[in-house]
Amino acid sequence: MDKGRISSMQMGMMMYLTIIATAILTVPSITAKYAQKDLWLSPIWASIIGFFTVIIVIQLSKRFPRQTFFQICEHTIGTLATKLLGFLYFTFFLIASGQITRTYAEFIKVFFIKTPVSVIMISMLLLSAFTVIAGIEVIGRVAQFFFPIFIFSVFIIIFLLLPQLEPSNIFPILENGLLPSLKGAIIPQVWFGELFLIVFLLPSLSDSKGMKWGIFTVLLILVTFIITNITVLFILNQNTEFYIYPFLSATQLVNLGDFIESIEPIIIAIWILGTFIKITVFYYVTILTTAQWLKLSDYKPIVWPIGILIVEVSVWGVPNLMVNNHIDITVFPLLFPIMQTFIPLFILGVAMIRKKSKTLEVH
Amino acid sequence: MVRRVKNLLKTKHINLSHSATQKKPSDKQATLTYTINENIEYFRSIYANCSDVVFRPILIGGVIQAYLLYIDGLANVEEADEQILNPLMNSSAKNTNEMMNMLENKIPVTNLRKLSTLPECIDSISTGNPLLLCDGINIGYSLCLAKWEKRAIGEPTAEVGIKGPREGFTETINVSTSQLRRIIKSPSLKMEELFIGQLTKTKVVISYIEGIANHNLIEEVHNRLERIKIDGILDSGYIEELIEDHPYSPFPQILSTERPDVVCSNLLEGRVAILVDGTPFVIIAPTTFFSLLQSHEDYYQRFPISSAVRWLRYLFLIISVLLPSLYVAILTFHHEMVPTALLLSVAASREAVPFPALVEALMMEVTFEALREAGIRLPKQVGAAVSIVGALVIGQAAVQAGLVSAPMVIVVAITGIASFMIPRYAMGIGFRILRFPIIFLAGALGLLGVMMGIIAIIVHLSTIRSFGVPYLSPLAPLKGSELKDTLIRAPWWKLKTRPHLTGEYNKNRQSPGLKPDPSKGGE
C-alpha cells in the first residue's frame, strides 16, 4: 500500500514523540491524584504494559513477516471475525485521533483564548493530511528531524529549572505502601499501550531491528516519564494534582538572571512539534486501518474524508476540556489496553495454539 | 490551455528547423554529390540571407575548382590564409587523387575530418570549422580552425572567497572541461557530450568519475537530459528546471556553481556534473539541503573555524526565515515573552507608528527586497545612489517621520544580512520568499502560525528527493557517518569515507592513519 520504507530507528523516534508529546502535559497531574508523592514510581509499573505490548506485536510480526495486522487476523481468526475487528479498530482509531486532536486544541487554547478551537484543529489536521499523503517515509523523516529538537528542549528546560528544585520533596517514599503508585500507573499505561501502533509500521521497516528499537523506545519513554515526574514533584510538591498541565506550570518558574523568563511560549512551540507527529501518526494509522480493513488498493483517496471525520469526532465527541479529561480517566484506561494489548495478545494466543505462521513466500 | 499553446509553439519550431534542411535532400542521410556546383547551390540555398557565411572560390593547382565555406568571425582567418589557401593555390595537383593525397598529408591542420553527409557539413560550418569542398569528390573536409572571441578566465563573481583557487568557469565549454581536466588528471574522469536544443544545438557535457559515481545515477542523468526537446538552451538554469524532481518547490534541488574546484570536489564524492556551453554555471546532481549550505571555503580553512562558521550559518538561516515573523508574533500576541524593560523600550519606539506590526514588517521586507533587486539591476554608475536612498531615506528618514519603528529597521537589516550568509544564492532566495507567508501566519495566529509554517517547510523538505537522494539526508534519514561533514566540518584526516548515497561503490577516499603527528614524520 505504502511503498515507503523507514528504519527501525525512525520508527522508535516516531513512537517516542507520539507517546511523550501528550503524556508530558497531563499525565503527571492525573498520576499525582492517585500516587501522591510516589508519582515518579508509577511509570515503572505502567511501562510493563509497554514492554508487554512490544513483545506481543513483535512476536506476531515474526510469525507473519511483512503481513499487515488484518492479514494476520485473517490467518488466525478467519475473515468474518476480521471484518468485525476491522470495524472496531476503525472506530477506535477515529475516536483516539479525534480525542488527541482535541487535547492539542484545548492546550493551545490556554494561550490563544480568542482563537476558535476548530481553527486550531483544522490547521493542524491540514498539515497532517499533507504529511499522511506524502507517506510513511516522510513521517519518519520529519520525526527524525524533530526528535533531537524535542529531547534537547525538554532537557534544557529541566536544566533551567535546576535552581528551583527541592529534592527533599521526594520524601516520604512509599508512605502508604505500593498501592497508590500502582493505582497511579493505570493512566500512564494507556500511553505505553500506544506502542501497539508499531504493528502498522513493522511491515514498512527496511531492517530487522524492530525488537531492539521497540524495547529501547519503551525504556527511553520510561526515563523521560520518570525525569519529568520527578521534576514536577520537586517543584510543585503535593500540589501537582491541582494543576491541569503541571510541567507547563513548573516551567513558568524559570528565571535565569532576570532575562530568560516566561519561556512557556517556547514550550508550546516545541510541544506543537511533538503533537504534530502524534496526530500525524494516529491519522496515518487510522487511514491505514481503514484501507486495510476495506482492502483498498490505495489509501490516498480516503485521507481527506477521514480527516473531516476526525474533526467531527473531536468537536462533537469531546465538547470541552472537562469531558476530555473525564474520558481520559474513565474510558481510556479500559478501552486502550483492550484494543492495544489484549486483542493482539488474543490473536497471538490463537496463532500459537493453532500453530499458524506464514513465512515469506518466494514468488 | 497554456500547455496546448506551448505544444503548438513547439511543433512550429520543429517545423521551422525542418524547413531549413528540407530544401532539397530532406532526410538526414543526404550526401554530397560529385559536382561542386550542385553542392554549392545547395549550401547557398540553405544559407540564403546569411550575410555572415563566406563562400570563397579557389582553384587548386590552377585546375580543380574548390570552395572554402566558413562563418565570418567564427573561423581563424589568418590560419586559413597561411595553412590552407597558400598550399592549395600553390600546389601542383592536377587530378583528384593527387589533390586528395596532398590534402590529407601536406595540409598542416591538427584535426582534419572527412564528412560525407550534408547535416554533418552544416554542423561543421556552424561550429566554426571551415569546410573545404572540391570538384570531383563527394567528400567535404572539415578543417579544425574554429576560433572566436571569448572572455578570458576570471575570478568567479557570484562565489567569492578569501582562500582557495581564484579561477572560475567561462562561457566556452571546452575551456571549462579543460579546467576540470587540469585538476583531475586521471583518465577515469569521463566527459560525455550531447547536444540539446533544436535550434541552438547547445553542447552539453556530462562529467563524472568512473568507479566513484553510481551507474544508475549516470543513466538517470542521461535519461532526463535526453528527454528534453526544446528550441534552445541559453543557460544551465533551463536544464536545471527541466530535469529536477520537484518542479514546484522553492528550493533548488541541483547545485549550480561557477568554480572548478567545487565541481571537482563534488565529482570526487561521486556526483555528476552537467556543463552547458554558453554559461559559466555548471550544475551538479544530486544535491542535498546541507550541501547547499556549505561553502567551498569550509574545506580550505582550519576545521574548528569552519565548523564554527557552519553553525553560525545554520543559526542565521533560521534567523533569515523566522526573525521578522517572530517579531510580529511577539509584538501582536505574546508580550509576556519579552522582558519588561525590553518591551517598554520597543513599545516606546512604536508609539508614533500608525501601522500594526504585520503591516510594518511587510512594508519594510518588501522594500528591502526591492532594494536588493534594484541593486543587482542598476548600472554601476548609479549603484551608489541606491545605497544612499536605502540607508538614508528608508532607514533614518522613515524612522524619524514615524512611519516605521527603529526596532523594525534593525530586524529587517539583520534578516537581510542573514539571508546573504547562505553561500548559494538560489537557496538564500528560496528562504527569503518563504519569509512572507510565515509573516502572514505570524500576524494571523501568532507563534502557532509560525510553528505551522516551520512544520510545513520541514515536511516539504522531507518530501523532496534530488535524483533519488533524500534532501534532508544525512540528518533525516540519519546517516551517522556523514554527520562529520554536516554538523561540523571534521578535519581532512577524519573525512575518510565518501557520502553514502552518491559514492557507495568506492567508499574510502583516503588511507587510514593520515592524522599528522611529529612521531610519524621521516619514516
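Q: What makes strand β7 (residues 202-209) of chain B mostly covered?
A: The count of buried residues: 6 of its 8 residues are buried. A residue is buried if 20 or more other C-beta atoms, placed from the backbone, lie within 10 Å of its own (exposed: 12 or fewer; partly exposed: in between). The strand itself is a DSSP run of E, at least two residues long, numbered from the N terminus; helices are runs of H or I of at least four. This is a predicted model: local features need pLDDT of at least 70, side-chain atom pairs count only at pLDDT 80 or more, and totals for chains, interfaces and linings use all residues. Residues are numbered from 1 along each chain as its sequence is written, while chains are lettered from A and ligands numbered from 1 in the order in which they are written.

Q: How do you know that β6 (residues 189-196) of chain B and β7(B) pair?
A: Pairing takes at least two DSSP bridges between two strands. β6(B) and β7(B) share 8 bridges, in the antiparallel sense, so they pair. In one of them, M191(B) has S207(B) as its partner. Their hairpin has 5 residues between the strands, and G197(B) there takes a positive phi near 105 degrees.

Q: What joins β7(B) to strand β9 (residues 272-276) of chain B?
A: 4 antiparallel bridges. V204(B) stands opposite V276(B) in β9(B).

Q: Why are β6 and β8 (255-257) of chain B called edge strands?
A: The open sheet has 5 strands in the order β6-β7-β9-β10-β8 (chain B), paired antiparallel. β6(B) and β8(B) each pair on one side only. From one strand to the next, the twist averages 25 degrees. β8(B) is joined to β10 (residues 282-285) of chain B by 3 antiparallel bridges, with T257(B) opposite V282(B).

Q: Which strands does helix α9 (residues 260-268) of chain B lie across?
A: β7, β8, β9 and β10 of chain B; the helix runs at about 50 degrees to β7(B). Such angles run from 0 to 180 degrees between N-to-C directions of lines fitted to C-alpha atoms, for helices over the stretch in contact (C-beta atoms within 7 Å).

Q: How do you know that the length of helix α15 (residues 332-353) of chain A agrees with its residue count?
A: Expected span is 1.5 Å times one less than the number of residues. For 22 residues that gives 32 Å; the end C-alpha atoms are 30 Å apart, which agrees.

Q: Where is the kink in α15(A) centred?
A: On I338(A), with a kink of about 40 degrees. The bend at a residue is the angle between axes fitted to the seven residues ending there and the seven starting there. Buried residues of α15(A) include F336(A), P337(A) and M339(A).

Definitions and conventions: Two residues are in contact if their C-beta atoms, placed from the backbone, lie within 7 Å.
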